[in-house]
Amino acid sequence: MNCELRYALYHFKKTVFRLCLMVLYSVIVINADIHSSYQLYNLGNDPAGTVHTFTLTAFGFNMIFLAFLAGILEFTQFKNRRNLDTWFSLPLDRWKLALIHFINGAVQLFAAHTISFLWGYAKIAKYIPIYNLDRGALISMYFVLLGVGLVFYGMVMFSFMVANNTFDGVMFSFAYIITPIMLISFFFDGILRYTPLRIVADSDCSGGLVFLIYGFADRFSRLFSCKYKGYKIDPIMTLDIVWMTIWIVAGIALTVLGIWLFTKKKAEKIGGISDSILGYRLLIPITMFTAVLSMGGSLGIGLLYGIFTLILYVIFRRGIKLHIPDIIILGIITILGNIPLNYGSEISDLLRNLFASK
């Protein structure tokens with residue numbers, strides 16, 4: 001048995017308890033949500049008066065929650081200086097170590113999703129022929145959510161690997177989910193809302209992988225019950241496919257980049273300040289400038305923008321000793337926030353007049 005396989009088996013055994021909790025959680029949620037029924041008041045106990053409801057959306061919620069946790073828990077041991085000796089004493093290339101941890105988390109996601117799916121299927125199997133439910137939609141949901149969920153798991157792994165400590169890794173994981181939503185809303189629902197480019201974000205899939213996973217779960221849920229409930233299912237548009245492709249390709253690319261970051265991480269930085277350009281240096285300016293430009297400035301309110309930005313930089317620097325670029329950004333955001341101007345509205349009106357003149 002080679003070294004890679006021995007370590008993989010060792011790590012799997014070490015995380016079996018986590019796997020059991022993931023499976024138990026998934027089964028409990030699906031068991032409680034996949035099927036419900038109630039009796040129509042005017043028909044008493046007549047079986048014909050029982051209304052059944054079926055939903056698959058819990059599969060999407062489970063996948064988002066568990067993929068997020070797995071992406072963090074699989075690599076949190078590499079954010080602790082006490083584990084560095086073990087890390088470097090292993091006769092494994094770093095990329096192999098990262099791949100083993102990534103695969104272990106993927107296997108656990110697969111197990112939790114599969115077992116909860118089988119449990120849910122067993123619970124509603126007898127109703128499928130009775131209420132003409134779409135078995136194909138149920139099975140398709142399983143494969144689609146598993147695939148997109150693994151891509152999301154890889155994205156979380158990347159954002160966590162950007163950090164040098166666990167706290168920052170969790171912060172970055174949330175930020176990389178929220179920031180694309182803020183940017184898309186700012187550009188397409190804000191400054192470009194009066195231009196032909198507005199339709200680019202006119203899709204339920206434009207919000208990122210989280211929206212993609214939950215959107216798939218909701219769509220397959222309606223497909224599953226469409227004949228029984230008479231739901232009208234809107235077709236998937238070309239724009240939806242474009243956004244799906246963008247997010248999935250981006251997620252795969254970030255997964256590969258996350259493994260590369262693992263191989264390049266300097267041991268002396270572990271547990272210290274997360275100074276990567278992909279971390280606070282990038283996320284704080286993007287988040288705060290987007291917030292100020294979207295909501296506009298107001299005399300006095302800018303002080304709140306400045307305080308919040310200062311708090312973020314204190315978290316970043318682990319103290320009030322800020323660097324010159326931090327102070328410059330803090331100053332600009334505070335000034336912009338105190339100017340009584342709705343920047344997004346002004347820019348959108350300017351662009352509307354520009355396009356109207358053409």
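User: What share of the contacts in the protein chain with a separation of 6 or more comes from residues 24 or more positions apart?

Analyst: Keep in mind that we're looking at a predicted model here. We set aside pairs with a separation under 6 and look at the contacts in the protein chain that remain. Of those, the part that residues 24 or more positions apart account for is 79%.

User: How many helices and strands does the protein chain have?

Analyst: Let's start with the space: along the principal axes, the C-alpha atoms fill a box of roughly 70 × 70 × 40 Å. Inside that box, the secondary structure comes to 14 helices and 2 strands.

User: What percentage of the 358 residues counts as buried?

Analyst: A residue is called buried if its relative accessible area is under 20%. Go through the 358 residues of the protein chain with that cut-off, and the buried share is 44%.

User: How much of the area that the protein chain exposes do carbon and sulfur atoms supply?

Analyst: The protein chain exposes about 18300 Å². Carbon and sulfur atoms supply a share of that area, and the share is 70%.

User: How far apart are the mean positions of the positive and negative charges?

Analyst: The protein chain has 29 positive and 19 negative charges. Take the mean position of each set, and the distance between the two is 7 Å.

User: Which helix gives the most residues to the nonpolar patch?

Analyst: The patch sits on the surface and is made of Phe-12, Val-16, Trp-95, Leu-99, Ile-103 and Val-107, with about 470 Å² of accessible area together. Val-16 lies in helix H2, which covers residues 16-33. The top contributor, though, spans residues 94-124 and gives 4 residues: helix H5.

User: Is Val-16 buried or partly exposed?

Analyst: Partly exposed runs between the 20% and 50% cut-offs. Val-16 has a relative accessible area of 30%, so it is partly exposed.

User: Why does the salt bridge between Arg-18 and Glu-74 tie together parts that lie apart in sequence, and how many residues apart are they?

Analyst: Arg-18 and Glu-74 form a salt bridge, with their closest N and O atoms 2.7 Å apart. Arg-18 lies in helix H2, while Glu-74 is in the loop between helix H3 (57-73) and helix H4 (84-89), so the parts tied together are apart in sequence by 56 residues.

User: And that pair, Arg-18 and Glu-74: buried or exposed?

Analyst: Arg-18 and Glu-74 are one pair among the salt bridges, whose count comes to 6. As for Arg-18 and Glu-74, both are buried.

User: Which loop holds the partner of Asp-168?

Analyst: Asp-168 forms a salt bridge with Arg-318, and the closest N and O atoms are 2.9 Å apart. Asp-168 lies in helix H8 (residues 166-191), and the pair ties together parts 150 residues apart in sequence. Arg-318 lies in the loop between helix H12 (301-317) and helix H13 (324-338).

User: What is the relative accessible area of Asp-168, and what is that of Arg-318?

Analyst: Asp-168 is buried, with a relative accessible area of 0%. Its partner Arg-318 is partly exposed, and here the value is 42%.

User: What is the phi of Arg-318?

Analyst: Arg-318 is not a glycine, although its phi is positive. The value is about 60 degrees.

User: Where does Asn-132 lie?

Analyst: Asn-132 is a residue other than glycine with a positive phi, near 55 degrees. It is partly exposed, with a relative accessible area of 44%. Its place is the loop between helix H6 (127-130) and helix H7 (135-162).

User: About how many helical turns separate Arg-222 and Asp-218?

Analyst: The side chains of Arg-222 and Asp-218 meet in a salt bridge at 3.2 Å, N to O. Arg-222 is partly exposed at 27% relative accessibility, and Asp-218 is partly exposed at 30%. The two are 4 residues apart in helix H9 (residues 209-229), so their separation is about one helical turn.

User: Which residues does Ile-329 touch, leaving out those up to four places away in sequence?

Analyst: Ile-329 has its place in helix H13, and at 18% relative accessibility it counts as buried. Its C-alpha atom is 9.5 Å from that of Gly-306, a residue 23 positions away along the chain. Leaving out residues up to four places away, Ile-329 touches Pro-285, Phe-289 and Tyr-313.

Note on methods
Residues numbered from 1 in each chain as written. Predicted model: local features only at pLDDT ≥ 70, side-chain atom pairs only at ≥ 80, totals over all residues. Heavy atoms only, no water. Buried < 20%, exposed > 50% of the residue type's maximum accessible area, 1.4 Å probe, protein only. Contact = heavy atoms within 4.5 Å. Areas by Shrake-Rupley, 256 points an atom, 1.4 Å probe, with all protein chains shown as cover. Lys, Arg positive; Asp, Glu negative; His and termini not counted. Charge placed at Lys NZ, Arg CZ, Asp CG, Glu CD. Patch = residues over 30% accessible without salt bridge, like charges linked within 9 Å, V, L, I, M, F, W, Y side chains within 5 Å. Salt bridge = Lys/Arg side-chain N within 4 Å of Asp/Glu carboxyl O.
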